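Here are some friendly notes to read alongside the model, set out as numbered points. Keep the structure open as you go through them.

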Amino acid sequence: MRAYVPAYDLVAPGNLDQALSLLGEGWKPFAGGTDLMVLFEAGKLADKKFVSIWGLDELRGIEVSTDHVTLGALTTYTEVQRHPVLRREFPLLAQAASETGGVATQNRGTLGGNIVNASPAADSPPALLVYDAELELISKSGSRWVAYSTFHTGYKQMILRSSELVARIRLPRDREGWTHYYRKVGTRRAQAISKVCFAGALRREGDRIADVRIALGSVAPTVIRCHQTEEAIKRDPKDAATALAREIAPIDDIRSSALYRLRVATNLLDQFLRR
Amino acid sequence: MRIELNCTVNGVARRAQVYPMARLLDVLREEMRLTGTKEGCGEGECGACSVLVDGELVNSCLFPALQAVGAKITTIEGVVGRTPWSAPGPLARLWLPSFDSAPEKPAGGPAADQGVRPTSEKLHAVQEAFLLHGGAQCGMCTPGMILAAVNLLDRVPHPTEAEIRNGLAGNLCRCTGYIKIFEAVVKACEP
């Protein structure tokens with residue numbers, strides 16, 4: 001059933017400080033609306049009071065320093081794709097951005113929103129996990145940096161407090177010379193929700209894989225970084241598929257089956273390791 | 001509580017009293033009577049409701065009214081004559097008789113006082129190409145397709161085939177199989 005529009009409130013505070021005050025009073029953040037408006041239209045948006053943060057410049061911009069690239073949480077998929085440093089050094093993120101929705105979604109969907117929507121099928125989080133992203137969480141009482149790998153604690157569960165907002169995403173610039181691989185498998189190339197999403201990066205020394213990062217979407221209650229598979233690969237790449245099968249927990253649902261997801265995930269791992 | 005929404009739609013200042021979470025799609029169709037913008041899926045999957053907000057392509061079904069305050073919005077009604085790329089071709093004249101220009105009418109006839117049609121009533125090159133190359137069947141996706149194509153040509157005047165496919169990837173059509181639409185956009189970029 002459609003939502004009763006007058007029951008909802010949406011306000012646009014003039015600055016970040018006012019927005020954080022409202023979050024402290026129980027209001028919820030609203031950015032580009034690409035997830036929230038879908039729930040709203042379906043009559044499934046439980047919260048009623050929202051703060052539009054879309055106009056807050058404090059949460060925008062991509063900053064490049066010697067050691068890091070720091071992205072405002074409101075960075076859109078379109079902005080990610082257009083940024084030369086992200087395209088060159090963080091191609092998995094640029095590719096994830098280009099394969100999320102279509103142009104209209106990419107203009108409005110934000111990285112911060114993709115993170116806090118906490119879908120296990122989200123497309124940019126596997127790339128963020130591979131790049132060891134850190135998140136800055138801010139509230140009226142201050143700010144803290146956390147490793148993104150510790151952020152999701154269960155299906156739609158995260159360590160974010162209700163008074164907090166994801167403000168920035170920081171990526172260390174230390175992946176030069178690595179091989180990057182991203183593949184999203186869905187029903188079609190654009191506008192699809194993933195059946196399996198794979199992001200990986202590896203560094204070779206001669207024939208040996210010296211270092212590797214692997215993260216997947218749509219194969220567990222959250223997007224997951226696959227530490228055990230990474231360790232297995234460093235010991236002996238032949239054990240990779242077995243390790244991955246133990247580490248992921250795909251399910252049957254409306255979009256795919258557990259069996260198909262497991263098969264595709266191991267195939268993608270194989271393709272990645274041949275790079 | 002309702003808010004006052006002041007914005008510019010197709011170059012005209014508009015004002016409406018709306019709920020802040022009202023969908024821009026509904027504001028355009030029901031408050032402003034601009035029914036050219038269509039609702040397909042209502043969840044950002046099909047692109048039928050595409051409009052331009054401050055030059056960016058968006059799904060108006062996912063766009064809350066509050067965020068449109070002060071915005072410059074272009075709907076399909078505003079695409080005509082948005083750029084003077086194309087004079088109406090023979091098919092457009094057949095389908096849209098009002099595009100016949102005054103000088104072709106007998107002097108002193110009923111249309112004489114209207115003079116030559118201003119640029120703002122010429123079809124956009126993309127619209128002209130959709131007409132000539134059969135880019136529309138039922139018409140439900142067409143306004144969104146045209147907005148997506150116009151936006152693409154604004155950003156990339158001479159797109160590659162891949163760029164065209166990518167530019168239209170967010171717009172679903174259940175009639176044409178896309179080939180005619182794709183061909184129309186290819187033709188629209190030709191000098």
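1. Let's begin with one strand pair in chain A. Strand S6 (residues 134-139) of chain A and strand S10 (residues 165-172) of chain A are joined by 5 bridges and pair in the antiparallel sense. To find the pairing on screen, look for Leu135(A), whose bridge partner in S10(A) is Ile169(A). Please bear in mind that this is a predicted model.

2. That pair belongs to a wider sheet. The sheet is open and has 5 strands, in the order S4-S5-S10-S6-S7 (chain A), with antiparallel pairing. At its edges you will find strand S4 (62-64) and strand S7 (142-147) of chain A, each of which pairs on one side only. From one strand to the next, the twist averages 20°.

3. Chain A also has an open sheet of 3 strands, and here the pairing is parallel, in the order S1-S3-S2. Strand S1 (9-11) and strand S2 (28-30) of chain A each have a single partner strand, so one side of each is left without a neighbour in the sheet. On average, neighbouring strands of this sheet are turned by 35° against each other, direction ignored.

4. A closer look at the parallel pairing: S2(A) and strand S3 (residues 49-52) of chain A are joined by 3 bridges. Within this pairing, Lys28(A) stands opposite Phe50(A) in S3(A). Helix H1 (residues 16-24) of chain A packs on the sheet and touches S1, S2 and S3 of chain A. The direction of this helix makes about 165° with that of S3(A).

5. Now for the charged pairs. Side chains of opposite charge can pair when their charged atoms come close. Over all chains, the structure holds 28 salt bridges. One of them links Arg2(A) with Asp26(B), with the closest N and O atoms 3.4 Å apart. Arg2(A) lies in the segment before S1 of chain A, while Asp26(B) lies in helix H1 (residues 24-31) of chain B, so the pair joins two chains.

6. Finally, which helices supply at least two residues each to the lining of the second largest pocket? From chain A they are helix H3 (77-82), helix H5 (91-98) and helix H6 (103-108), and from chain B helix H4 (142-155) and helix H5 (161-168). The largest share, 5 residues, comes from H5(B).

7. A few more details on this pocket: its volume is about 490 Å³. Of the 19 lining residues, Gln81(A), Gln106(A), Arg155(B), Glu163(B) and Asn166(B) lie nearest the centre. By type, the lining divides into 5 nonpolar, 8 polar and 6 charged residues.

Technical notes
Residues are numbered from 1 along each chain as its sequence is written. Chains are lettered from A and ligands numbered from 1 in the order in which they are written. This is a predicted model: local features need pLDDT of at least 70, side-chain atom pairs count only at pLDDT 80 or more; totals for chains, interfaces and linings use all residues. Side-chain values use heavy atoms; hydrogens and water are left out. On a 1 Å grid over the protein atoms alone, a cavity is a set of points where a 1.4 Å probe fits but cannot get out, and a pocket is an open set with protein on both sides within 12 Å along at least five of seven lines; lining residues have an atom within 4 Å of a point. Grid points are joined across faces, edges and corners, and a volume is the space filled by probe spheres set on the points. Helices (H or I, at least four residues) and strands (E, at least two) are DSSP runs, numbered from the N terminus. Ala, Val, Leu, Ile, Met, Phe, Trp, Tyr, Cys and Pro count as nonpolar, Asp, Glu, Lys and Arg as charged, and the others, Gly among them, as polar. Two strands pair if DSSP finds at least two bridges between them. Axes are lines fitted to C-alpha atoms, for helices over the stretch in contact, and angles run from 0 to 180 degrees between N-to-C directions. Contact means heavy atoms within 4.5 Å. A salt bridge is a side-chain nitrogen of Lys or Arg within 4 Å of a carboxyl oxygen of Asp or Glu.
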